[in-house]
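Work through the exercises below with the sequence and the 3D structure in view. Try each task before reading its solution.

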Amino acid sequence: MEIKARFVALLVVAAAPALAQPVGAQTPGTPVEKALPSQAICEKLDALWETRDEGASQGTADQLLREGLRADPKDYGLLWRASRQRWWQADGMTNKAEQSNTAKIGLNYGDSAIAANPKGVEGYFFAAANSGPYSSGVGIMRALTEGLEGRFLKNQSEALRLAPDYRHGGATLMKGRYYYKLPWPKRDYDKSKAELEKVLLGHPENLRAHYYLAETLEADGDKAGAKAHLEAVLAGGDTYDAPEARRLKALAKGMLGKR
């Protein structure tokens, strides 16, 4: 019995190093398929972003992000692109639960990007951008009670300070949308119009600014002004961002069809 016990103990000791290896670790001499470096993944993600509303682009981008963040979970370029990806997906969703869940993930990726690089505009921008669909998903009042307003304003103002023209005046556009979306009595259509007109003054190509301004004008009783901006969306070019333009043109067409 004593000899058998010693033999079992020797087997356990001999096996210990192998059991201690992390899952997926390669033994010496095993060929390893080298993962793409983060920069290469980011370049692929940016190429896919140009066709993000077509076919399998989103699925391919999601897979690249999973692989990249698994290998380098603190890479700034991957984190803000993950936040960007979730914003785009949440922005196009109609199911409120899916929308809020997706945007919350995007918001958290944005926060992680800010932590990785506090001087980069992208983290602040997409953290702020995800606040919009998250609020739409859970409801404005719940978002306010969760303290999202202060979080949004901090990220939006920092993005504006760092790069006011980033994404065609996007930080200013978000402020205009914020004044439109606030519940009464905090809602302010005049301030919404002023911010969105400011965007269009510097970036007339921004079709989302035209569309958001149309919604503000419509809500404020200016149906003629709203129609003019909806028509500007339909007549606008798409060279600045083709998938974005296609999404906004579809929304404008739908809004005009309900008039």
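**Exercise 1. Find out how far the coordinates of this predicted model can be read, using the pLDDT of the protein chain.**

Solution. Begin with the protein chain as a whole, which averages a pLDDT of 89, with 86% of the residues scoring at least 70. Then turn to residues 1-34, where the pLDDT is below 50 and where the model has 4 contacts beyond near neighbours in sequence. Where pLDDT is low, predicted coordinates should not be read in detail.

**Exercise 2. Describe the secondary structure of the protein chain and the share of its residues that are buried.**

Solution. Counting the elements gives 13 helices and 0 strands, and reading from the N terminus therefore gives an unbroken series of α elements. Next, take the 259 residues of the protein chain, of which 43% are buried. Finally, consider the contacts between residues at least 6 apart in sequence: 63% of these join residues at least 24 apart.

**Exercise 3. Characterise the largest pocket by its volume, its lining residues and the helices that supply them.**

Solution. The first step is the volume, which is about 1000 Å³ for the largest pocket. The second step is the lining, which consists of 40 residues, and those closest to the centre of the pocket are Asp91, Gly132, Pro133, Arg177 and Tyr212. The third step is to sort the lining by class, which gives 19 nonpolar, 10 polar and 11 charged residues. The last step is to ask where the lining comes from: the helices that each supply at least two residues include helix 4 (76-91), helix 6 (121-138), helix 9 (166-181) and helix 11 (207-219).

**Exercise 4. Carry out a similar analysis for the largest cavity, starting from its volume.**

Solution. The count comes to 1 cavity of 30 Å³ or more, and the largest cavity has a volume of about 60 Å³. Two or more residues of its lining come from each of helix 2 (38-49), helix 3 (57-71) and helix 4, and the largest share, 4 residues, is that of helix 3. Among the residues that line this cavity are Leu45, Trp49, Ser57, Gln58, Arg81 and Arg84. Sorted by class, the lining has 5 nonpolar, 3 polar and 3 charged residues.

**Exercise 5. Decide whether arginine 208 is buried or exposed, and describe its surroundings.**

Solution. Locate arginine 208 in helix 11. Its relative accessibility is 6%, and so it counts as buried, because the cut-off for buried is under 20%. Now look at its side chain, which makes a polar contact of 3.0 Å with the side chain of aspartate 91. Leaving out residues up to four places away in sequence, arginine 208 touches Trp87, Asp91, Leu173, Tyr240, Glu244, Arg247 and Leu248.

**Exercise 6. Which residues does alanine 209 touch, not counting those up to four places away in sequence, and is it buried or exposed?**

Solution. Alanine 209 also lies in helix 11. With a relative accessible area of 0%, alanine 209 is buried. The residues it touches, under the stated exclusion, are Leu173, Leu196, Val199 and Leu200. As a last step, compare positions along the chain and in space: alanine 209 and arginine 177 are 32 residues apart along the chain, while their C-alpha atoms are separated by 8.9 Å.

Notes:
Residues numbered from 1 in each chain as written. Predicted model: local features only at pLDDT ≥ 70, side-chain atom pairs only at ≥ 80, totals over all residues. Heavy atoms only, no water. 1 Å grid on protein atoms, 1.4 Å probe; cavity = no way out; pocket = protein on both sides within 12 Å on 5 of 7 lines; lining within 4 Å. Points joined across faces, edges and corners; volume = space filled by probe spheres on them. Nonpolar A, V, L, I, M, F, W, Y, C, P; charged D, E, K, R; others polar. Buried < 20%, exposed > 50% of the residue type's maximum accessible area, 1.4 Å probe, protein only. Polar contact = N/O pair within 3.5 Å; in protein donor to acceptor, adjacent residues only side chain to side chain. Contact = heavy atoms within 4.5 Å. pLDDT = per-residue confidence, 0-100.
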